[in-house]
Amino acid sequence: MTSLSLRPGAVTLADLARLYSESLPARLDRSAKPAVERAAAAIAEAAAGDIPVYGVNTGFGKLASVRVAPKDTATLQRNLILSHCCGVGAPIPRAHARLMMALKLLSLGRGASGVRWEVIELIEGMLEAGVTPVIPAQGSVGASGDLAPLAHMTAVMIGAGEAEYQGEVLHGEMALTRAGLTPVILGPKEGLALINGTQFSTAFALAGLFDGWRAAQAALVTSALSTDAIMGSTAPLQPEIHALRGHAGQIESAACLRALLDGSEIRESHREGDTRVQDPYCIRCQPQVTGAAMDVMRMAARTLEVEANAATDNPLVLTEAGLIVSGGNFHAEPVGFAADMIALALAEIGAIAQRRVALMVDPTLSHDLPPFLTPDPGLNSGYMIAEVTTAALMSENKHLAHPTVTDSTPTSANQEDHVSMAAHGARRLGRMVENLNRILGVELLCAAQGIEFRAPLKTSAPLQNVLTRLRAEIPTLAEDRYLAPELESAARLIGAGSVVEATGLALPGLAP
């Protein structure tokens with residue numbers, strides 16, 4: 001597999017998306033090497049000197065005032081890694097771990113961390129060979145860096161910890177050996193450079209962003225299907241309405257919905273003589289809600305793109321100024337804010353989608369669709385409880401969307417007295433996307449059923465393609481049957497992007 005060449009400071013969202021979705025190996029552009037080596041030389045000089053430099057010849061955190069002799073440098077760095085391997089919980093997914101490693105490459109590649117080039121080469125080699133550290137999910141508060149998760153990553157690099165290699169979980173040293181790699185003996189400040197940083201939080205936030213955007217695109221498709229199912233109006237999609245407000249996401253969402261519904265016989269059948277004046281908000285305000293969520297996700301995306309390119313460890317080597325300076329770039333506050341923004345967007349996309357499901361199963365609101373979308377209501381319950389499930393998932397996502405970045409607590413003997421909580425703020429996005437995909441999957445099933453009740457009238461060509469794709473896996477619900485596997489199948493179609501792909505249209509991308 002070809003490695004993706006990364007130029008520190010200039011990596012794009014598209015690059016990061018490929019690293020995540022394709023699990024590509026990554027290598028730093030070799031133009032980064034001179035700056036990396038200059039910073040490493042500055043650290044080596046400081047380590048040999050008498051002036052105390054944090055993390056180079058001193059202890060860490062509250063122990064920064066304790067001097068460490070040059071002969072103990074390697075032990076200091078190794079002890080740092082081993083003592084910080086305090087993560088708990090289930091191992092994180094392989095794709096997230098690999099993205100985290102690539103992000104660490106980018107941070108080190110800025111030439112401000114002071115690591116030797118061989119440290120970078122080892123991470124590159126692990127990505128190339130498929131040696132993936134086993135990293136517990138819990139333990140970071142998102143300040144002083146994602147210390148515990150990054151320590152578990154680094155433990156494998158020094159021949160400790162555990163790693164997955166060729167489908168088997170092995171001791172770190174054995175995994176490296178089988179892959180033809182050699183553990184590194186950490187030099188001055190190198191352990192600190194590897195565990196200070198926001199790469200765990202940023203990797204999870206990016207994963208939530210990319211997967212969440214796919215769900216947002218699918219929501220445009222399912223909402224168009226729902227509009228036709230209840231014979232909703234396309235008048236609120238008139239472009240002038242959205243131009244008068246001016247928000248990019250709203251304008252794009254309306255244009256997308258117009259394209260999805262263009263040519264629908266169902267729509268044309270009720271342009272004249274429809275006694276309804278206005279549709280409920282969940283139909284009429286789709287561009288305003290989904291479009292706003294897309295705008296919020298794009299704002300978060302800009303923050304995460306900057307963070308992915310940032311040097312976030314401590315202290316930083318300012319080679320041009322001839323300084324090694326302690327700062328706070330490891331504080332993940334920007335990532336925490338971005339994760340909270342994405343969470344709010346995901347919750348709102350799901351909230352309005354759930355109302356569309358509720359609309360379709362309610363015969364008083366669905367414009368003559370049978371109760372719960374079954375042809376024989378009473379004997380059959382149809383999608384009655386599937387709608388209840390969406391309500392449960394919507395409520396769960398509302399709770400999960402509560403801001404995490406505001407929930408600071410002092411740690412490390414009050415040295416780290418304000419923390420971002422970005423790690424679990426970003427990690428919860430995966431669960432929220434799963435919930436959203438399931439809500440949208442139920443909406444897909446209900447809308448398909450509703451459109452089929454409108455026969456012989458047909459929906460638009462793009463939406464008919466979606467129905468064909470759905471029915472290749474899940475048949476029409478004629479009478480009650482065991483539905484749980486079908487709900488999961490529909491959610492998988494949403495999550496895999498199959499629903500969006502089936503339209504044949506270019507839906508709005510993360511870059512506006």
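**Overall fold, a pocket and a histidine**

Colleague: What radius of gyration does the chain have, next to that of a compact globule?

Modeller: Keep in mind that this is a predicted model. With 512 residues, a compact globule would come out near 24 Å, and the chain agrees with that. Along the principal axes, its C-alpha atoms fill a box of roughly 90 × 50 × 45 Å. The radius of gyration of the chain is 26 Å.

Colleague: OK, and what share of the contacts with a separation of 6 or more links residues 24 or more positions apart?

Modeller: The chain has 20 helices and nine strands, and 56% of its residues are buried. For contacts with a separation of 6 or more, the share from residues 24 or more positions apart is 78%.

Colleague: Which element gives the largest share of the lining of the second largest pocket?

Modeller: That pocket holds about 550 Å³ of space and is lined by 28 residues, with Leu-429, Gly-430, Arg-431 and Glu-434 among those nearest its centre. Elements giving two or more residues include strand E3 (88-91), helix H9 (199-229) and helix H17 (422-452). The largest share, nine residues, comes from H17.

Colleague: How does that lining divide into nonpolar, polar and charged residues?

Modeller: Asp-211, Arg-431 and Glu-434 are among the residues nearest the pocket centre, and all three count as charged. For the whole lining, the split is 13 nonpolar, six polar and nine charged.

Colleague: Is His-242 buried or exposed?

Modeller: His-242 sits in helix H10 (residues 239-245). Its contacts include Pro-236, Leu-237, Ile-251 and Pro-287. Its relative accessible area is 1%, and the cut-off is under 20%, so His-242 is buried.

Notes. Residues are numbered from 1 along each chain as its sequence is written. This is a predicted model: local features need pLDDT of at least 70, side-chain atom pairs count only at pLDDT 80 or more; totals for chains, interfaces and linings use all residues. Side-chain values use heavy atoms; hydrogens and water are left out. On a 1 Å grid over the protein atoms alone, a cavity is a set of points where a 1.4 Å probe fits but cannot get out, and a pocket is an open set with protein on both sides within 12 Å along at least five of seven lines; lining residues have an atom within 4 Å of a point. Grid points are joined across faces, edges and corners, and a volume is the space filled by probe spheres set on the points. Helices (H or I, at least four residues) and strands (E, at least two) are DSSP runs, numbered from the N terminus. Buried means under 20% relative accessible area, exposed over 50%, partly exposed in between (1.4 Å probe, protein chains only). Contact means heavy atoms within 4.5 Å. The radius of gyration is taken over C-alpha atoms; the globule rule is 2.2 Å times the number of residues to the power 0.38. Lists of a residue's contacts leave out its neighbours within four places in sequence.
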